[in-house]
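The following exercises concern disulfide geometry and its setting in a chain. Each task is followed by a worked solution.

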Amino acid sequence: MASPVFFIFLTLLFAQLSLLPAKLLLLPLTHSLSSTQFSNTPHLLKSTSTRSAARFHHLRHRNQPTTTATNHRRQVSLPLSPGTDYTLSFSLGSTPPQTISLYMDTGSDVVWLPCSPFECILCEGKYSPATIPNPLPLNLSSSTPVPCKSRACSAAHSHLSSSDLCAMARCPLESIELSECGSFSCPQFYYAYGDGSLIARLYSDSLVIPMSSPSLILPNFTFGCAHSALGEPIGVAGFGRGVLSLPAQLASYSPQMGNQFSYCLVSHSFDNKSVRRPSPLILGRYSADEKEKRFGDVGDEFAYTPMLDNPKHPYFYCIGLEAVSVGKRRLPAPESMKRVDGRGNGGMVVDSGTTYTMLPKELYESVVAEFSHRVGQFHKRASSTEGRTGLGPCYYVDDSVVSKVGSVNVPPLVLHFGGNSTVVMPRKNYFYEFSDGGDDGKVKRKVGCMMLMNGGDFPDSGGPAGLLGNYQQQGLEVVYDLENRRVGFARRQCASLWDSLNRN
């Protein structure tokens, strides 16, 4: 779940929030890593690489939903840990409204939050309260329990029938037969993530996003209220493909605003001097003409790739990866990366909550071999750095080495997605340069590491074959077009995009 080492927060800066004329809701993403977290770069990289690998391996493991006849409780398979890199803040309720902060997660589809009294088991060291705005549990005051016959209750319980759910809520048989169970609330549901779980009950209340004029209010917003959790100290705002996700509920209020969202991450590369620049999260869509008229030249047009349906994990944003180019050499992806089969195997998940991109072993080793062939002939391998960071291959790129070749010789890296979608990766997204202690751990030397990871080889694990992490999404506007079932990528100057959108 949450790492105290690497947090990127999404904070609603109420004074700057704006509703654009074309029904665009603009929210600023603010990176909040403290300077102390940058003091030991190898440790920071090791923490994020370990967490990325653990989360992806949880995603890959088969975790079928189960139901027992005795308690009718169904486990919802959510192998992705909740998004640990961005948080979303808004107000809930009306007497008085309370500001809450939740992790933003494109890998799950339910909004839940800790409610007072709240007990979190095995949560020590999961996060630092000082780095999370509004970390305290919510006190329910104006919230209303969701009835057992509602569609939302059925969705939270893996689409069990309303009659079953009302029976679980102890509604009498004659009332079930006469559809008179409106006063019986939805029973508790169990949610399991990759490294934690919770029990929650559904409530509804007004979700408020304060704005200059007027405030945006979503009445009857449905969320889960948890009084106990295992390894999950902070709630989650699910942005996945499900009826209880935040975009889906926003779409019921404003389809134009809820059927598309995008974000553009300002490149930070673990640089504490640049992490304070805001990055835009955009709820809604704008056309090419509107972009040129209102925002000026903010970058390329989107390269779109179709969303792939995953029958086992329908809330994932899965896309197909056809190949990876290193320099001029195109390396074909295995068939498992290109499509999703009937058991949920294959495809690549676009995830806001995992740091690094995970490739299956076969493709990863091909990329490393080509990368090493091109870089290794100019730069010495920094094997000790690889052990300290969990990343690789790494090379010494200090001044004495660079001066012989004029610059660090790093080949371009291009991702080729389905639908003839080609995305050229910004160099800083896949090759990070920093100072390390050298072979003896004492003498500082400049090194550079490839920032992709080996996801292993699990051909029949019942999960995606790869994952596109948020580090590789920097400097790109990533758009989730839910209406047309596609994901788009475009190179952007994300800080400039924020300035342009915020001015208009």
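**Exercise 1.** Determine which handedness the link of C148 and C166 has, and which parts of the chain the pair ties together.

*Solution.* Step 1: the torsion about the S-S bond is 95°, and the link of C148 and C166 is right-handed. The model is predicted: local features need pLDDT of at least 70, side-chain atom pairs count only at pLDDT 80 or more, and totals for chains, interfaces and linings use all residues. Residues are numbered from 1 along each chain as its sequence is written, and side-chain values use heavy atoms, with hydrogens and water left out.

Step 2: the S to S distance of C148 and C166 is 2.2 Å, which meets the criterion for a disulfide (a pair of cysteine sulfur atoms within 2.5 Å). By this rule the count comes to six disulfides.

Step 3: C148 lies in the loop between β8 (144-145) and α2 (151-156), whereas C166 belongs to helix α3 (residues 162-168), so the disulfide ties together parts that are 18 residues apart in sequence. Helices (H or I, at least four residues) and strands (E, at least two) are DSSP runs, numbered from the N terminus.

Step 4: both C148 and C166 are buried; buried means under 20% relative accessible area, exposed over 50%, partly exposed in between (1.4 Å probe, protein chains only).

**Exercise 2.** Characterise the disulfide that joins C171 to C181.

*Solution.* Step 1: the sulfur atoms of C171 and C181 are 1.9 Å apart. Step 2: with -80° about the S-S bond, this link of C171 and C181 is left-handed. Step 3: the pair links distant parts of the chain, ten residues apart, with C171 in the loop between α3 and α4 (173-177) and C181 in the loop between α4 and β9 (189-192). Step 4: C171 has a relative accessible area of 6% and is therefore buried; C181, with 1%, is buried as well.

**Exercise 3.** Establish which elements the disulfide of C264 and C494 links, and why the disulfide is left- or right-handed.

*Solution.* Step 1: C264 and C494 are joined at an S to S distance of 2.0 Å. Step 2: the torsion about their S-S bond is about -75°, so the disulfide of C264 and C494 is left-handed. Step 3: C264 is in strand β13 (residues 260-264) and C494 in helix α12 (residues 494-503), distant parts of the chain that are 230 residues apart. Step 4: C264 and C494 are both buried.
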